[in-house]
Amino acid sequence: MAAPAWAPTRRADGRRPAACGVPPQAAGLPLSAAKANALNMALAPTFLTNPDRFMAFSRWAAPLFGMLAVGLAAAGLWLGFTAPEDYQQGDTVRIMFIHVPAAWTCMFAYFCLGGASLLGLVFRHALADAAAAAAAPLGAAFTFLALATGSLWGRPMWGAWWVWDGRLTSVLVLFLLYIAYMALRGALDDEAKAARASAILALVGLVNLPIIHWSVEWWNSLHQGASVFRAGGPAMGPEFLWPLLLMALAYTAAFGALWLVRIRGEVWRRRAVALQLREARA
Amino acid sequence: MSLARLLRREASLAWGRGGGPLVALGFYAGAATLLPLAIGPEAGRLAAVAPGAAWVTLALASLLCLDRLFERDFEDGALDLLLLSPAPLELVCAVKCLGQWLATAAPLAVAAPVAAVALGAESRLAPLILVSALIGGLAFVFLGGIGAALSLGARRGGLLTAVIVLPLYVPPVIFGGGAIAAFASGLPWLPGFALLAAYAASAVALGPLAMAAACRNALS
């Protein structure tokens, strides 16, 4: 009997097989996915597509990213809290170091979700699907953080917890998209169908996201415009720019670490399901 | 089955089965009636929100019609037959949406200016509301079809469809509502209207791809 596909086997030529981390049935792959896998090996970035290699990589990469996030956040927060008060915003300017990187990260997380969904949909790769499933709750959490800190910042600055302004609304719609993605994923019993359906939804959202963003920007905005990535250089002093950039890197590293941990958890869960199935069949 | 016959089938099914557009119109009238009860019947306040309220209620009414689009055909196996037909499934989905638009979105679009004027909007707004409801209805149906196809076979499919589709309804609601509000206050309304038409056109062009992929997934 052939070894199960999730087992770390080696082929005769010594190269690791392009197997997925779980048996095709448990990962929800049709058995004809071998062809798609061959295509995947030819086209996709192949280094991490092998689950064994991914697990070996993420075992040290996830804690590394985590420590990087802690260090960068410590440095960024130190610089942020020792920065002089803003002449207009006073002490509340420090909320920016928590709020702006969260808003960047929640957009970044959606692009990761969309990219992983595309890879999962086109190449039918189980690991890409696990990555998409793992990214959605993280993205929703960062979106919620951006909304909550923005609301706390808006109260002293604008005098209102919430205004129906373009920027705020577009982030809120992003949050709703994450909710829709997770709801769809949870509502379908068949894991393979849920994976493909939610991947389609993620791609539809990816196409719609810029349009939604522009459509709400079409309103007059109370939110300040872009002040870091703009033509003519950043519009803020270095004493604010440095902690902001450090915090942005810290958030990105934290997202990376949490994402890797969640993908690992998903792979372990699928392996456990595969083992249970094998036990049941034996 | 030729596409013309498919269109006739879809339109007559959407028109005839279970009350047809009357149910949608009834919902539309009921929701529009709740509004003055909720925010108070002062004419000035109602007139200010009337076009927007008519527009939002239209989005909700077309949302509620979506369960008729794929669910029945999925359950009784007609969708499997359509998958086997020589026409590509993308085209079949587009024709189904077109039939839905003819049978429910168009009657709703006729009702939209009536509701707006009854709520106190100026009657000179009526033609623009009618035309933008016709065009926006296309966007609502073709985007809603994606949600309806994705939630095939899901538990609580109707609620799930709404959760999926409502974020996608944001741009047409903004563009259409913005164009009508701009026209009402004498500002240039053409940009918003053109954006609404562009969004509807891209929904008609790209929506069937996602719908067909979702249907194939549900039937696999």
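Of the 282 residues of chain A in this predicted model, 48% count as buried. The fold of chain A is built from helices: there are seven of them, with zero strands. Walking along the sequence, the pattern simply reads α-α-α-α-α-α-α. As for how the chain A contacts are spread, take those with a sequence separation of 6 or more: residues 24 or more positions apart account for 75% of them.

How confident is the predictor about chain A? The mean pLDDT of chain A is 78, and 74% of its residues reach 70 or more. There is a weak patch, though: residues 1–31 of chain A have a pLDDT below 50. Even so, that stretch has 50 contacts in the model beyond its near neighbours in sequence.

Chain B tells a helical story as well. Its secondary structure comes to 10 helices and zero strands, and read along the sequence the pattern is α-α-α-α-α-α-α-α-α-α. Chain B has 220 residues, and buried ones make up 52% of them. Among the contacts in chain B between residues at least 6 apart in sequence, 80% join residues at least 24 apart.

Now for the place where the two chains meet. The contact takes 25 residues from chain A and 27 residues from chain B. Together, the chains bury an area of about 2,100 Å² between them, and carbon and sulfur atoms give 76% of that area. What about charged pairings? The count of salt bridges between chain A and chain B is zero. Polar contacts do turn up, with three residue pairs between chain A and chain B, both residues being at pLDDT 80 or more. On the side of chain A that touches chain B, the elements giving two or more residues are helix H5 (166–187) and helix H6 (191–217) of chain A. The largest share comes from H6(A), which supplies 12 residues. Sorted by class, this side of chain A has 19 nonpolar, three polar and three charged residues.

A couple of single residues deserve a closer look. One is Arg124(A), found in the loop between helix H3 (95–123) and helix H4 (126–158) of chain A. What is odd about its backbone? Arg124(A) has a positive phi of about 55°, although it is not a glycine. For context, most residues other than glycine have a negative phi. Is Arg124(A) buried, exposed or partly exposed? With a relative accessible area of 27%, Arg124(A) counts as partly exposed, because that value lies between the 20% limit for buried and the 50% limit for exposed.

The other is Gly153(B), which sits in the loop between helix H7 (126–150) and helix H8 (157–168) of chain B. Its relative accessible area is 51%, so Gly153(B) counts as exposed, the cut-off being over 50%. Which residues does Gly153(B) touch, leaving out those up to four places away in sequence? They are Leu188(A) and Phe74(B), so the list, with contact meaning heavy atoms within 4.5 Å, includes a residue from chain A and a residue from chain B. Gly153(B) also shows how the chain brings distant parts of its sequence into the picture: Gly153(B) and Ala218(B) are 65 residues apart in sequence, and their C-alpha atoms are 7.0 Å apart in space.

Key
Residues numbered from 1 in each chain as written. Chains lettered and ligands numbered in written order. Predicted model: local features only at pLDDT ≥ 70, side-chain atom pairs only at ≥ 80, totals over all residues. Heavy atoms only, no water. Buried area = accessible area lost by both parts, 1.4 Å probe. Salt bridge = Lys/Arg side-chain N within 4 Å of Asp/Glu carboxyl O. Polar contact = N/O pair within 3.5 Å; in protein donor to acceptor, adjacent residues only side chain to side chain. Helix = DSSP H or I, 4+ residues; strand = E, 2+ residues; numbered from the N terminus. Nonpolar A, V, L, I, M, F, W, Y, C, P; charged D, E, K, R; others polar. pLDDT = per-residue confidence, 0-100. Buried < 20%, exposed > 50% of the residue type's maximum accessible area, 1.4 Å probe, protein only.
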